[in-house]
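Student: I am new to this structure. Please take me through one part of it closely.

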Amino acid sequence: MNTLSVRQFRDNLAESFNMVDAGKQIFIRRRDRMYAVIPIDMDDFSISPTLQAKINKAREESQKAKTKKFKNASDAQEWMDSL
């Protein structure tokens, strides 16, 4: 784990991003908080057509009462254990 101050991060931006691209974790310490630097893809900003289709199907199934409903968490856990 690489922890940098804000100044160290700012002074070494390119090197920090190269480390993240290489799979290393970079954390930035600012006062009493920590922040993580993580790579994201443009796909992370939008819902793909495939995901939207799954969401639509789940909504439709829910409206048609084709979903499982449980009275409590233990009933849900029992059902999952039976799978």
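Tutor: Here is a close look at phenylalanine 9 and its surroundings, then at a surface patch. This is a predicted model: local features need pLDDT of at least 70, side-chain atom pairs count only at pLDDT 80 or more, and totals for chains, interfaces and linings use all residues. Residues are numbered from 1 along each chain as its sequence is written, and side-chain values use heavy atoms, with hydrogens and water left out.

Start in helix α1, residues 6-11, where phenylalanine 9 lies. Helices here are DSSP runs (H or I, at least four residues), as are strands (E, at least two), numbered from the N terminus. Phenylalanine 9 has a relative accessible area of 15%, so it is buried. Buried means under 20%, exposed over 50%, and partly exposed in between (1.4 Å probe, protein chains only).

Now its contacts (heavy atoms within 4.5 Å). Leaving out residues up to four places away in sequence, phenylalanine 9 touches Leu4, Ser16, Phe17, Ile28 and Val37. Alanine 22 is 13 residues from phenylalanine 9 along the chain, and their C-alpha atoms are separated by 16 Å.

Follow one of those contacts, serine 16. Serine 16 sits in helix α2, residues 13-21. Its relative accessibility is 2%, so serine 16 counts as buried. With the same sequence neighbours left out, up to four places away, serine 16 touches Leu4, Phe9 and Ile26.

Last, turn to isoleucine 38. It is in the loop between β3 (33-37) and α3 (49-63). Isoleucine 38 is exposed, because its relative accessible area is 61%.

Note on methods. Patches are made of residues with over 30% relative accessible area and no salt bridge: like charges are joined within 9 Å, nonpolar side chains (Val, Leu, Ile, Met, Phe, Trp, Tyr) within 5 Å. Accessible areas come from the Shrake-Rupley method with a 1.4 Å probe; for residues, only the protein chains shown count as cover. A salt bridge is a side-chain nitrogen of Lys or Arg within 4 Å of a carboxyl oxygen of Asp or Glu.
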